[in-house]
Amino acid sequence: MPLLEVNSVSASYADGVEVLHGIDLAVNQGEMVTLIGANGAGKTTTLRAIMGLLRAQGSIKFDGVEILGRETPEIAKLGISMVPEGRGVFPGLSVYDNLRVATTPWIRRGQSAAEDLDRVFELFPILAERRKQLGWSLSGGQQQMLAIGRAIMARPKLMLLDEPSLGLAPNLVEEVFEKLRSINEQGVSILLVEQNAFMALEYSRLAYVIERGTVSKQMSSSALLDDEGIKAAYLGG
Ligand code: ATP
């Protein structure tokens, strides 16, 4: 049984224009899966539909449970964390507090977040060094690490990442992907949207191509990397 199963999902924004027209995709336990596609194809909207951030029709099952129609906090509690495009770091909070805000549910239940913090600091030692610095003062790469760290604090089974490499220098892009690989190896499944399709396909096993709100291709990342049409459209020839 896949961990995440998206079946015939359609979705519209408030203006009523349908953007997704029956998306089908699946993420198995422990997998890293990439969504690629042109600007405006519907990749971000697909992640938003999974996270319950817009109204959708069809079926989205997580761990065998129907989550379509549920509220976002409930979906997060079931084990899905999203790292949005633009990172969403709180500029006026310290690194430490940016991480702590994600742990409120545990603290309310009387559980400690100390282990989660240790895990994030082990994965991103730079965040431990800068734990007292305010969010706004971090570099783009550090903010991305913080956004990923915050998503981990919520103890997800599945992480949704929207363009984690956007605006980062090439050496940092590789570092971010290496971190994602470590997180994935620790058992967290990953669904990734990336403009940097080449890098994303190098790191994931399976990929879906989204075109105009539907899945036009689904194949192994290595097969996509060899596909002439895909190379011309998304991989700079
Ligand atoms: P990009 O890489 O440009 O983010 P994408 O594949 O992630 O591309 P989406 O952001 O999902 O694409 O957008 C899909 C379509 O939905 C586009 O036509 C876009 O204009 C439209 N859209 C996105 N957000 C909204 C919104 N808040 N209200 C109305 N339409 C929207």
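This is a short walk through the sheet, the nonpolar cores and some salt bridges of a predicted model.

I'll start with the sheet. What is the strand order? The sheet is open, has 6 strands in the order 6-7-8-3-9-10, and its pairing is mixed. At the edges are strand 6, residues 80–83, and strand 10, residues 214–220, each of which pairs on one side only. From one strand to the next, the twist averages 20°.

Now to one pair inside that order. Strand 3, residues 32–36, and strand 9, residues 206–211, run parallel and are joined by 4 bridges. If you want a place to look, find Thr34, which stands opposite Ala207 in strand 9.

Next, the helices on the sheet; I'll take two. Helix 1, residues 43–50, packs on the sheet and touches strand 3, strand 6, strand 7, strand 8 and strand 9. In sequence, strand 7 covers 158–162 and strand 8 covers 189–193. The direction of helix 1 makes about 150° with that of strand 7. The other is helix 8, residues 170–185, which lies across strand 3, strand 7 and strand 8. Helix 8 runs at about 150° to strand 8.

On to the cores. The largest nonpolar core has 35 residues, and within it Ile148, Met159 and Leu180 touch the most other members. Which elements supply at least two residues each? They are helix 3 (95–100), helix 5 (114–123), helix 7 (140–153), strand 7, helix 8, strand 8 and helix 9 (197–203). Helix 7 gives the largest share, 7 residues.

Where does this core lie with respect to the domains? Domain 1 is 4–79 plus 156–234, domain 2 is 91–154, and both contribute residues, so the core lies between them.

Ile148 is a useful residue to click on. Leaving aside residues up to four places away in sequence, Ile148 touches Val83, Phe124, Met159, Leu161, Val176, Leu180 and Ile183. Two of those contacts, Met159 and Leu180, are the residues named with Ile148 a moment ago. There is also a second, separate core, of 31 residues, with Val6, Val9, Leu20 and Met51 among them.

Last, the charged pairs. How many salt bridges does the structure hold? It holds 6, and I'll go through some of them.

Arg70 pairs with Glu74, with the closest N and O atoms 3.0 Å apart. Arg70 is partly exposed, at a relative accessible area of 29%, and Glu74 is partly exposed too, at 35%.

Arg181 pairs with Glu178, and here the closest N and O atoms are 3.8 Å apart. Both residues sit in helix 8, 3 residues apart, which is about one turn of the helix. Arg181 has a relative accessible area of 32% and is partly exposed; Glu178, at 34%, is partly exposed as well.

Then there is Asp227 with Lys217, at 3.2 Å from N to O. Asp227 is in the loop between helix 10 (221–226) and helix 11 (228–234), while Lys217 is in strand 10, so the salt bridge ties together parts that are 10 residues apart in sequence. Is Asp227 buried or exposed? Its relative accessible area is 16%, and the cut-off for buried is under 20%, so Asp227 counts as buried. Its partner Lys217 is partly exposed, at 30%. Strand 10 is also one of the edge strands from the start of this talk.

Methods: Residues are numbered from 1 along each chain as its sequence is written. This is a predicted model: local features need pLDDT of at least 70, side-chain atom pairs count only at pLDDT 80 or more; totals for chains, interfaces and linings use all residues. Side-chain values use heavy atoms; hydrogens and water are left out. Two strands pair if DSSP finds at least two bridges between them. Axes are lines fitted to C-alpha atoms, for helices over the stretch in contact, and angles run from 0 to 180 degrees between N-to-C directions. Contact means heavy atoms within 4.5 Å. A nonpolar core is a set of buried Ala, Val, Leu, Ile, Met, Phe, Trp, Tyr and Cys residues joined through side-chain atoms within 4.5 Å. Buried means under 20% relative accessible area, exposed over 50%, partly exposed in between (1.4 Å probe, protein chains only). Domain bounds come from an automatic or database domain assignment. A salt bridge is a side-chain nitrogen of Lys or Arg within 4 Å of a carboxyl oxygen of Asp or Glu.
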